[in-house]
Amino acid sequence: MNMKKSLILLTALCGLFVASCKQQDVAPSALDAVFNSMQASSARTAADTDPVTQQKCKGKLTPVEVSALAASITSYINTNYAGATIKFAGKDDKGQTVVGLEVSGVRTGLLFDANGAFVQKLEKFAEKSKLTEVAVTALPASISAYVTSKYAGFSIKRAGTDADGNYIVGLDNGTDHKVLKFDATGNFKEEMQIPPHGGPQDGKHGGPNGGH
C-alpha cells in the first residue's frame, strides 16, 4: 500500500472514530436520563407547591426512594394506575406521603396518610409538573452563557418550559446531571434538586431508575 492510500485510509478511520464519539455523546439513553431528571425536579416543585400539599401537609416534603414506599401505596398505584412511572415521592413532617406519577403522558399527584391510605389527588400537579420541550438551540443566549461561565465541563443536553414559562435546563458532563431553572427572559433562578425517581411499577416496590 503506498503512502497516499495509507493517508486516505487513516483519514477515513479517524472520521469514523470522531463520528462514533459524537454519537455516544448524544446517545438517546443519556438524553432520556437527563430529561427524566428534569421531569423529576419539576414533579418535586409541583408536589411541594400544590394547594392540597400546602393545606394538608406539615413542613417541606423530604424526598424518599421509590423502593421505600409503603406496600399499601405501591399496591394502590398498581391497582389504579397500572404501568405508572413515579416521578417524585416525598414525606412531610407528619409522615404523610405525596407521590407524583405519570401514565401514558398523564400526570397525577396523590396524597396518602401516615398509614399509607389514599387521601386525595393533588389539584394542580398535572399542570405544574408538565414540561414542554424546547430545542437547545432556541434557548436565550444568556442561558448558554451562564452555563458556560458557572458550570465548567457541563453542556446543555435537554431543555423545556414549565407552566409558568420558566426554562428548565438539563446539563450533563458525562458522569453527572444538573437541572437549572431560568425565568422566561433567561435569568438564572436556581439549581433544582433532583430527587430519586422510579421506573414503571409492576406490582412490586419499584427501585430508583436513574435517581440521584
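Let's start with a pocket. The largest pocket holds about 160 Å³ of space. Keep in mind throughout that this is a predicted model.

Who lines that pocket? Ser41, Arg44, Thr45, Asp48, Thr49, Lys60, Lys181, Glu190, Met192 and Gln193 do. Sort them by class and you get one nonpolar, four polar and five charged residues. Two elements each put at least two residues into this lining: helix H2, residues 28–49, and strand E10, residues 188–192. H2 contributes the most, with five residues.

Next, the enclosed space. Searching the whole structure for cavities of 30 Å³ or more turns up one. The volume of the largest cavity is about 40 Å³. Its lining is made by Gln39, Ala43, Lys87, Leu101, Glu102, Arg107, Phe125 and Ser129. That is three nonpolar, two polar and three charged residues. H2 appears again here: H2, strand E3 (97–103) and helix H5 (125–129) each supply at least two of the lining residues.

Stay with one of those residues, Phe125. Phe125 sits in helix H5. Is Phe125 buried or exposed? Phe125 has a relative accessible area of 1%, so it counts as buried. Now look along the chain. Phe125 and Asp50 are 75 residues apart in sequence, yet their C-alpha atoms are separated by 6.4 Å.

Now the sheet. Five strands make an open sheet, in the order E6-E7-E8-E9-E10, with antiparallel pairing. Strand E6 (132–133) and E10 are at the edges; each has a single partner strand, so one side of each has no neighbour in the sheet. A general reminder: strands in a sheet pair through backbone hydrogen bonds, in a parallel or antiparallel way. And remember E10 from the pocket: E10 supplies at least two residues of that lining too.

Let's go to strand E8, residues 167–172. Why call E8 largely enclosed by the rest of the structure? Because six of its six residues are buried. Check both faces. On one side, Tyr167, Val169 and Leu171 are buried; on the other, Ile168, Gly170 and Asp172 are buried as well.

E8 has a partner strand on each flank. Take strand E7 first, residues 155–161. E7 and E8 are antiparallel and joined over six bridges. Across that pairing, Ile156 faces Leu171 in E8. The two strands form a hairpin with five residues between them, and there Gly165 has a positive phi near 85°.

Now the other partner, strand E9, residues 177–182. Six bridges link E8 and E9, again antiparallel. Opposite Tyr167 you will find Phe182 in E9. This is a hairpin too, with four residues between the strands. In that turn, Gly174 takes a positive phi of about 100°.

One more step across the sheet. E9 pairs with E10, antiparallel, over four bridges. Val179 has Met192 in E10 as its bridge partner. You have met Met192 already: Met192 is one of the residues lining the largest pocket.

Last topic: the rings. How many aromatic pairs are there? The count comes to eight. One of them is Phe112 with Phe118, edge-to-face, 6.0 Å centre to centre and 70° between the planes. Phe112 is at 0% relative accessibility, so Phe112 counts as buried. Phe118 is partly exposed, at 32% relative accessible area.

Another pair is Tyr151 with Phe154. This one is edge-to-face as well: 6.2 Å between centres, 90° between planes. Tyr151 is buried, with a relative accessible area of 12%. Phe154 is buried too, at 16%.

That pair belongs to a cluster. Tyr146, Tyr151, Phe154, Phe182 and Phe188 form one aromatic cluster. So two names come back from the sheet. Phe182 in E9 is the residue opposite Tyr167. Phe188 falls in the range of E10, 188–192.

One charge to finish on. Arg158 lies over the face of Phe35, 4.5 Å from the ring centre. Arg158 falls within E7, residues 155–161. Phe35 falls within H2, residues 28–49.

Quick recap. We saw a pocket of about 160 Å³. We saw a cavity of about 40 Å³. And we saw a five-stranded open sheet, with E8 largely enclosed. Thanks, everyone.

Note on methods:
Residues numbered from 1 in each chain as written. Predicted model: local features only at pLDDT ≥ 70, side-chain atom pairs only at ≥ 80, totals over all residues. Heavy atoms only, no water. 1 Å grid on protein atoms, 1.4 Å probe; cavity = no way out; pocket = protein on both sides within 12 Å on 5 of 7 lines; lining within 4 Å. Points joined across faces, edges and corners; volume = space filled by probe spheres on them. Nonpolar A, V, L, I, M, F, W, Y, C, P; charged D, E, K, R; others polar. Phe/Tyr/Trp six-rings, centres within 6.5 Å; stacked < 30°, edge-to-face > 60°. Buried < 20%, exposed > 50% of the residue type's maximum accessible area, 1.4 Å probe, protein only. Lys NZ or Arg CZ within 6 Å of the ring centre and 35° of its normal. Pairing = 2+ DSSP bridges.
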